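Let's walk through this protein together, one question at a time. Have a look at the sequence and the fold, then we'll get into the details.

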Amino acid sequence: MAGKRKGLGKGLGAYFGDDLLMQSTEKAEENVSRETMKNAGLNFLISDKGRRGEAQKDSSESGETMLKLNSIQPNVSQPRKHFEEEALNELAESMKQYGVLQPLLVQKKEGYYEIIAGERRWRAAQMAGLQEVPVVIRDYDRQKAMEIALIENVQRADLNPVEEGMAYRQLMEEFHLTQEEIATKVAKSRAAVANMLRLLKLDERVLQMLAAGTLSTGHARTLLALEDGDLQFGLAQKILEEDLSVREVEKLVKKLTKPPKEKKEEKPERDDSFVYRHLEDRMKSIMGTKVSINKKDKNKGRIEIEYYSAEELERIVELIESIQ
């Protein structure tokens, strides 16, 4: 069921030790960043001293240098907008002990350096009270910088579905990339990219729930079948209140989208009472007594012939017999 995504590993320290756990977390980030740099066409090595948080300035072997933390600024086009406080605190504690194991990727701007990849490390370094951090300086155009930032976050699964979809949309609108081209760059299927973009069609209130992690991607995707934003939001709230499964939501959506049965328009009945009155008058003139025609439907009814004495009844019977 949908729920706020929480960090794992709380109980692992009891088995492996907190220090080892912190190193493992930082090591995983380092491995992902290596892959990011590889995808971006960067070939650099992290020196042994860098791994110990003692990166040398302007190392010719790694291409790293140390920069003052206050000379570095985040990229406003960074696709990731939400950073979990608890995870940042854990990384900051690790940095206090071991330093920054993986350098940030930055590019020089007028008067400062802009982060291309590594804003999470930059934020954690601030929390840890560090004055300097290791960086690799590169020069990229706006599109390439955004692609690298997106690749790094997607590989780490750091982006929530809304952030990921908005990043894809920006690449399409600003740089005219196709879904196929984006899929190739982030190593995902075109269908996966298309599904993330479709989620952006949801009501803004539902997107906020999805970004916060209180609503799962599976539930959100089911709500896309509803075109009305209020219906989407109302059902999203029902999902949380009643802990509905995706299958249960699918059934509810099916009911809501099922077209109502069209009522057959009943044609007003033709007023043909005057016809029956005419027939009654004709039979009355023949029978010499009152005759009533009681209609049941279009083709059925009952004829009533009144008589007022035995002699009159005998006369009516004789009259009917004479018709043979």
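Q: Are H7 and H9 roughly parallel or roughly perpendicular to each other?
A: Keep in mind that this is a predicted model. H7 and H9 pack with their axes 8 Å apart, at an angle of about 105°. Angles from 65 to 115 degrees count as roughly perpendicular. So the term for H7 and H9 is roughly perpendicular.

Q: How do the residues in the contact of H7 with H9 divide by class?
A: On the H7 side you'll find Pro161, Glu164, Gly165, Tyr168, Arg169 and Met172, and these meet Val193, Met196, Leu197 and Leu199 in H9. Gly counts as polar here, while Glu and Arg count as charged. The split for H7 with H9 is seven nonpolar, one polar and two charged.

Q: What is H7 relative to H8, oblique or roughly perpendicular?
A: Helix H7 covers residues 161–175 and helix H8 covers residues 179–186. Their axes come within 10 Å and cross at roughly 125°. That crossing makes H7, relative to H8, oblique.

Q: Is the crossing of H7 past H8 left-handed or right-handed?
A: Handedness depends on which way the near helix is turned from the far one, and clockwise by less than a right angle is the right-handed case. For H7 passing H8, the crossing is right-handed.

Q: How many nonpolar residues are in the contact of H7 with H8?
A: From H7 come Tyr168, Leu171 and Met172, and they meet Gln179, Ile182 and Val186 in H8. There are no charged residues in this contact, and one is polar. The nonpolar count for H7 with H8 is five.

Q: At what angle do the axes of H10 and H12 cross?
A: Two packed helices are described by the angle between their axes and the distance between the axes. Helix H10 spans residues 204–212, and its axis comes within 8 Å of that of H12. The crossing angle of H10 and H12 is roughly 35°.

Q: How many charged residues are in the contact of H10 with H12?
A: H10 brings Arg205, Val206 and Met209, while H12 brings Gly229, Asp230, Gln232, Phe233, Ala236, Gln237 and Leu240. By class, five of the residues in this contact are nonpolar and three are polar. The charged count for H10 with H12 is two.

Q: Which helix is largely enclosed by the rest of the structure?
A: Look at residues 119–128, where the buried ones are Glu119, Arg120, Arg121, Trp122, Ala124, Ala125 and Ala128. Seven of the ten residues of this helix are buried, so the helix largely enclosed by the rest of the structure is H5.

Q: Which residue follows H5, with a positive phi?
A: Most residues other than glycine have a negative phi. The residue after H5 has a positive phi near 80°, and it is glycine 129.

Q: Is alanine 187 buried or exposed?
A: Alanine 187 sits in the loop between H8 and helix H9 (190–199). Its phi is positive, about 60°, although alanine 187 is not a glycine. With a relative accessible area of 68%, alanine 187 is exposed.

Q: What is the relative accessible area of aspartate 243?
A: You'll find aspartate 243 in the loop between helix H12 (229–242) and helix H13 (246–257). Aspartate 243 has a positive phi of about 55° although it is not a glycine. Aspartate 243 is partly exposed, and its relative accessible area is 48%.

Q: How far apart are the C-alpha atoms of alanine 149 and glutamate 119?
A: Alanine 149 belongs to helix H6 (residues 142–156), and at 3% relative accessibility alanine 149 is buried. Along the chain, alanine 149 and glutamate 119 are 30 residues apart. Their C-alpha atoms are separated by 9.4 Å.

Q: Which residues is glycine 63 in contact with, leaving aside its neighbours within four places in sequence?
A: Glycine 63 is in the loop between helix H3 (48–51) and strand E1 (64–68), and at 37% relative accessibility glycine 63 is partly exposed. Valine 135 is 72 residues away in sequence, yet its C-alpha is 8.5 Å from that of glycine 63. The contacts of glycine 63 are Val135 and Val136.

Q: How much of the protein is made up of buried residues?
A: The protein's secondary structure comes to 15 helices and seven strands. Buried means under 20% relative accessible area. Of the 324 residues in the protein, the buried share is 40%.

Terms used: Residues numbered from 1 in each chain as written. Predicted model: local features only at pLDDT ≥ 70, side-chain atom pairs only at ≥ 80, totals over all residues. Heavy atoms only, no water. Axes fitted to C-alpha atoms, helices over the stretch in contact; angles between N-to-C directions. Helix = DSSP H or I, 4+ residues; strand = E, 2+ residues; numbered from the N terminus. Parallel < 35°, antiparallel > 145°, perpendicular 65-115°, else oblique. Contact = heavy atoms within 4.5 Å. Buried < 20%, exposed > 50% of the residue type's maximum accessible area, 1.4 Å probe, protein only.
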